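Reader: I would like to learn how to read the packing of helices in a model, beginning with one pair and working outward.

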Amino acid sequence: MPGYMPALYENKMTSSGENLLTAIVPLMKLLSLTVIGLVLAHPKAQMIPRATFRLLSKLVFALFLPCLIFTELGQSITLQNIALWWFIPVNVLFSTVIGCFLGVAVVLICRPSPQFNRFTVIMTAFGNTGNLPLAIVGSVCHTKHSPFGPHCHSRGVAYVSFAQWVAVILVYTLVYHMMEPPMQYYEIVEEGTEIEEHLISDVSRPLLVEAEWPGIEEKETEHSKTPFVARIFNSISSISQTTFPDLDLAEGNSSSPRSIRCLAEPRVVRRIRIVAEQTPVQHVLQPPTLASLLAIIIGMVPQLKAFFFGYDAPLSFITDSLEILAGAMVPSVMLILGGMLAEGPKESTLGLRTTIGITVARLLVLPLCGIGVVALADKLHLLVQGDAMYRFVLLLQYTTPSAILLGAIASLRGYAVKEASALLFWQHVFALFSLSLYIVIYFKLLAYI
């Protein structure tokens with residue numbers, strides 16, 4: 001990375017004890033912030049109400065995180081760097097594909113209830129690629145002698161931010177449709193046996209639902225809580241004919257414009273088009289994603305970049321103000337996580353064996369696969385040479401627990417909300433130990449770069 005690339009991991013640890021301490025201390029800082037949030041939000045203390053944490057979530061989502069992404073990514077990105085960093089978003093796809101295979105393995109081994117098969121695969125495959133990695137990078141670099149050399153924080157934030165848009169697109173397209181309620185489960189809800197339970201769950205919605213997607217209750221659509229894709233492609237019940245009038249595949253009056261379109265458009269193509277129209281692609285353009293796009297555009301145009309970044313930049317006062325706001329991002333995220341954990345695990349019907357299987361696959365097995373992928377990519381000379389932070393961010397993409405945003409998607413689709421809440425709780429608890437273990441391993445591996 002021109003101008004930022006550290007020579008050869010200048011600050012190597014001189015002993016195993018120092019190596020261990022350097023890896024553990026950043027996580028202890030984050031743990032301290034999380035404990036503070038947990039104490040403040042604990043039901044017995046109730047020093048800060050849940051509404052305050054929801055407001056803090058909105059501030060992180062709409063203000064602190066976009067400011068951090070814009071200031072750090074915009075300052076670091078160039079056309080040359082985009083060509084150098086191409087493997088970062090590709091690595092997100094690799095981690096997702098490998099996670100899907102591990103999720104299928106968990107389904108085959110642990111045998112959850114059929115209605116949770118897709119849920120098991122999703123929770124194993126999609127990790128936290130945004131807030132938690134940003135917090136870890138910020139904590140690792142928040143030392144006088146950073147083990148990653150100069151400009152540690154700006155490089156780390158830029159790398160993490162550059163990968164976020166891929167994860168966001170996957171969540172709002174693939175995950176959104178995979179998280180639709182299974183047909184059999186939905187039919188039970190329609191009959192009224194579980195309506196009251198769903199109403200109650202909406203009233204007492206867990207904090208995790210809004211932790212990374214505030215205002216989710218306003219995003220619900222007519223079909224968000226229905227097995228939309230299953231009904232379109234299976235045409236199982238007559239209800240689909242009334243619920244989805246555009247699915248009327250019978251041949252009608254040939255003189256009508258609609259029947260002409262039916263004749264001109266094959267049924268499969270038509271069904272794919274209907275699914276695409278119901279995909280909430282518009283949600284991809286959230287404040288953090290917009291900040292990433294704006295930072296990339298400005299960073300690629302030197303004339304624009306000179307207006308915003310640099311000591312003599314005419315608009316440097318704006319970027320300086322945004323940097324001050326960005327400083328609140330990491331502590332806010334960890335306080336919100338503490339508030340989420342304070343609510344405790346919800347009742348789950350997922351089963352202990354499946355919960356353990358997902359947690360082990362996500363937190364212990366997937367990072368080992370990540371080490372193999374990054375090592376292979378390094379041997380093939382696909383990575384930025386001599387940049388330990390670049391490799392550290394790639395490895396982190398395999399190490400984090402399931403994305404908290406999946407809890408929001410589960411609530412939006414009305415599918416496995418309590419199971420997502422319980423699983424995210426236990427994953428984040430055990431991630432404290434797995435992250436500590438793997439960060440020590442990563443530091444030892446990166447010491448030889």
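Reader: How do the axes of helix α6 and helix α20 cross, and within what distance do they come?

Author: Two packed helices are described by the angle between their axes and by the distance between those axes. In this model, which is predicted, the axes of α6 (residues 131–141) and α20 (residues 388–396) come within 11 Å and cross at roughly 145 degrees, and the crossing is right-handed.

Reader: Which residues of α6 and α20 meet there?

Author: On the α6 side they are P133, I136, V137, V140 and C141, and these meet M389, F392, V393 and L396 of α20. Sorted by class, the residues of this contact are nine nonpolar, no polar and no charged. As a general guide to such lists, an α-helix has 3.6 residues a turn, so residues three or four places apart point the same way.

Reader: At what angle does α20 pack with helix α22, and how far apart are their axes?

Author: The angle between α20 and α22 (residues 417–446) is about 150 degrees, and their axes lie 11 Å apart; this crossing, too, is right-handed. From α20 the contact draws on A388, R391, F392 and L395, while α22 contributes I439, Y442, F443 and L446. By class, the contact of α20 with α22 has seven nonpolar residues, no polar residues and one charged residue. F392 is thus listed both in the contact with α6 and in the contact with α22.

Reader: Turning to a single helix, what span should α7 have, and how far apart are its end C-alpha atoms?

Author: Helix α7 (residues 152–178) has 27 residues, which at 1.5 Å a residue should span 39 Å, and the 37 Å between its end C-alpha atoms agrees with that expectation. Along the way, α7 bends by about 35 degrees at V171.

Reader: Is α7 largely enclosed or largely open, and how many of its residues are buried?

Author: Because 21 of its 27 residues are buried, α7 is largely enclosed by the rest of the structure. For the whole protein, 53% of the 449 residues count as buried.

Reader: How far apart are V25 and S436 in sequence and in space?

Author: They are separated by 411 residues in sequence, whereas their C-alpha atoms are 9.4 Å apart. V25 lies in helix α1 (residues 16–41) and counts as partly exposed because its relative accessibility is 31%, between the cut-offs of 20% and 50%. Over the protein, 82% of the contacts with a separation of 6 or more are between residues 24 or more positions apart, in a fold of 22 helices and zero strands.

Methods: Residues numbered from 1 in each chain as written. Predicted model: local features only at pLDDT ≥ 70, side-chain atom pairs only at ≥ 80, totals over all residues. Heavy atoms only, no water. Axes fitted to C-alpha atoms, helices over the stretch in contact; angles between N-to-C directions. Helix = DSSP H or I, 4+ residues; strand = E, 2+ residues; numbered from the N terminus. Left-handed = near helix turned anticlockwise from the far one by under 90°. Contact = heavy atoms within 4.5 Å. Nonpolar A, V, L, I, M, F, W, Y, C, P; charged D, E, K, R; others polar. Expected span 1.5 Å × (residues − 1). Bend = angle between axes of the 7 residues up to and from the residue. Buried < 20%, exposed > 50% of the residue type's maximum accessible area, 1.4 Å probe, protein only.
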